[in-house]
Amino acid sequence: MISSSSETHSTEVTMSTEILRNNHSLISKRHFWKLFCSLSPDFKIKPEYQPVIYSIFRYFLQLPDFNAFGIIKNTPSLDKGLLVYGDYGVGKSTLFDAIHKVGRLIVTHTQNTQLWFPSISTIHMLTRYYEAQNNPGSNFKLEHYFHGKLYLDDLGKEEKAYNREELIGKVLFERHRRKRKTFVTTNENPSAIAARYGNHIGDRLPEMFNIIKWEGKSWRE
Ligand SMILES: Nc1ncnc2c1ncn2[C@@H]1O[C@H](COP(=O)(O)OP(=O)(O)OP(=O)(O)O)[C@@H](O)[C@H]1O
Ligand SMILES: [Mg+2]
């Protein structure tokens, strides 16, 4: 098992962001890995999870052969987002949170947005939506989530808004229409996603996402 803890040095974070400053070229594997290890020292990579995790790293590094492990279930493309579905507790949310931390550090020290994406769970989005209904001063607008990149965690775990409206289905539909990159982690497979949000969403999934299945034992055991 590979552990990222071996390279924990905050000075390396500073150095790496320093090198990246004012540099809009692609982030190298080496810089990414240094920052990743520094920010998530306890992140471990089980051998059986390497193909999934490395493919996701390669995607964010924008390597044209990011699907070298052949794990993408549909036609791979760097222009699509990522839909990662599968077993409970394998580390989907932890992985995206760790990449999110790297992206946030890079974007705050440089102008480079390659690894930057806003992140929200579907349940939290519903909570914010409800809060906004009762608070006219709220700055929450569902439309904000139709633009830019977005990571949506726990797709399918949320309830329908007021028991009738599929808010997240609407977000997915609008983001597909605008060709925006979306990253999704979920326990629901594509058929279940189609069943829940409708075939119009199911039909759009392969166009919108590189689809990855992540199976394995839960870290929670
Ligand atoms: N790479 C990792 N190294 C060490 N521990 C990990 C790793 N990934 C996840 N864990 C641990 O396992 C727990 C479950 O991980 P996580 O919540 O990311 O799984 P998940 O796949 O998102 O689960 P779910 O499908 O239930 O949402 C985390 O709380 C974390 O402590
Ligand atoms: Mg999760």
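## Notes on a predicted model

1. Let's start with one residue. Leaving out residues up to four places away in sequence, Tyr 49 touches Val 90 and Gly 216. Keep in mind while you look around that this is a predicted model. Tyr 49 sits in the loop between strand 2 (44-45) and helix 3 (50-60). Buried or exposed, or something in between? Tyr 49 counts as partly exposed because 19 other C-beta atoms lie within 10 Å, and a residue needs 20 or more to be called buried. Try finding Glu 215 as well: Tyr 49 and Glu 215 are 166 residues apart in sequence, yet their C-alpha atoms are 8.4 Å apart in space.

2. Now step back to the whole chain. The protein chain has eight helices and seven strands. Its C-alpha trace spans about 50 × 40 × 35 Å along the principal axes. For 221 residues, a compact globule would have a radius of gyration near 17 Å, so the 18 Å of the protein chain agrees with that. Buried residues make up 29% of the 221 residues. Of the contacts with a separation of 6 or more, 77% are between residues 24 or more positions apart.

3. Next, the sheet. Five strands form an open sheet in the order 4-5-6-3-7, and the pairing is parallel. Strand 4 (119-121) and strand 7 (209-214) are the edge strands, each pairing on one side only. From one strand to the next, the twist averages 15°. If you're wondering what holds such a thing together, strands of a sheet pair through backbone hydrogen bonds, either parallel or antiparallel.

4. Have a look at strand 3 and its two partners. How many bridges join strand 3 to strand 6 (residues 182-186)? There are four, and the two strands run parallel. Within that pairing, Leu 82 stands opposite Phe 183 in strand 6, and Tyr 85 stands opposite Thr 186 in strand 6. Strand 3 also pairs with strand 7 in the parallel sense, over six bridges. There, Gly 81 has Phe 209 in strand 7 as its bridge partner. Strand 3 is mostly covered, with five of its six residues buried.

5. Val 84 is a good residue to click on in strand 3 (residues 81-86). Val 84 is buried because 23 other C-beta atoms lie within 10 Å, and the cut-off for buried is 20 or more. Apart from neighbours within four places in sequence, Val 84 is in contact with Lys 92, Val 184, Thr 185, Ile 212 and Trp 214. For another distance to check, Val 84 and Asn 112 are 28 residues apart in sequence and 25 Å apart in space, C-alpha to C-alpha.

6. Over at the strand 4 end, strand 4 and strand 5 pair in the parallel sense over three bridges. Ile 120 stands opposite Leu 152 in strand 5. Strand 5 (residues 150-155) is mostly covered: six of its six residues are buried.

7. Now for a pair of helices. Two packed helices are described by the angle between their axes and the distance between the axes. In this model, the axes of helix 7 (residues 190-197) and helix 8 (residues 199-208) come within 6 Å and cross at roughly 145°. Which residues meet there? From helix 7 they are Pro 190, Ile 193, Ala 194 and Tyr 197, and from helix 8 they are Asn 199, Ile 201, Gly 202 and Leu 205. Sorted by type, the residues of this contact are six nonpolar, two polar and no charged.

8. Last stop, the ligand. Ligand 1 is surrounded by 15 residues, and the closest are Gly 91, Lys 92, Ser 93, Thr 94 and Trp 219. Which helix gives the most to this shell? Helix 4 (residues 92-109) does, with three residues. By type, the shell divides into four nonpolar, six polar and five charged residues. You've met Lys 92 already, as one of the contacts of Val 84.

Definitions and conventions:
Residues are numbered from 1 along each chain as its sequence is written. Chains are lettered from A and ligands numbered from 1 in the order in which they are written. This is a predicted model: local features need pLDDT of at least 70, side-chain atom pairs count only at pLDDT 80 or more; totals for chains, interfaces and linings use all residues. A residue is near a molecule or strand if its C-beta atom, placed from the backbone, lies within 6 Å of it. Ala, Val, Leu, Ile, Met, Phe, Trp, Tyr, Cys and Pro count as nonpolar, Asp, Glu, Lys and Arg as charged, and the others, Gly among them, as polar. The radius of gyration is taken over C-alpha atoms; the globule rule is 2.2 Å times the number of residues to the power 0.38. A residue is buried if 20 or more other C-beta atoms lie within 10 Å of its own, exposed if 12 or fewer, and partly exposed in between; C-beta atoms are placed from the backbone. Two residues are in contact if their C-beta atoms, placed from the backbone, lie within 7 Å. Two strands pair if DSSP finds at least two bridges between them. Axes are lines fitted to C-alpha atoms, for helices over the stretch in contact, and angles run from 0 to 180 degrees between N-to-C directions.
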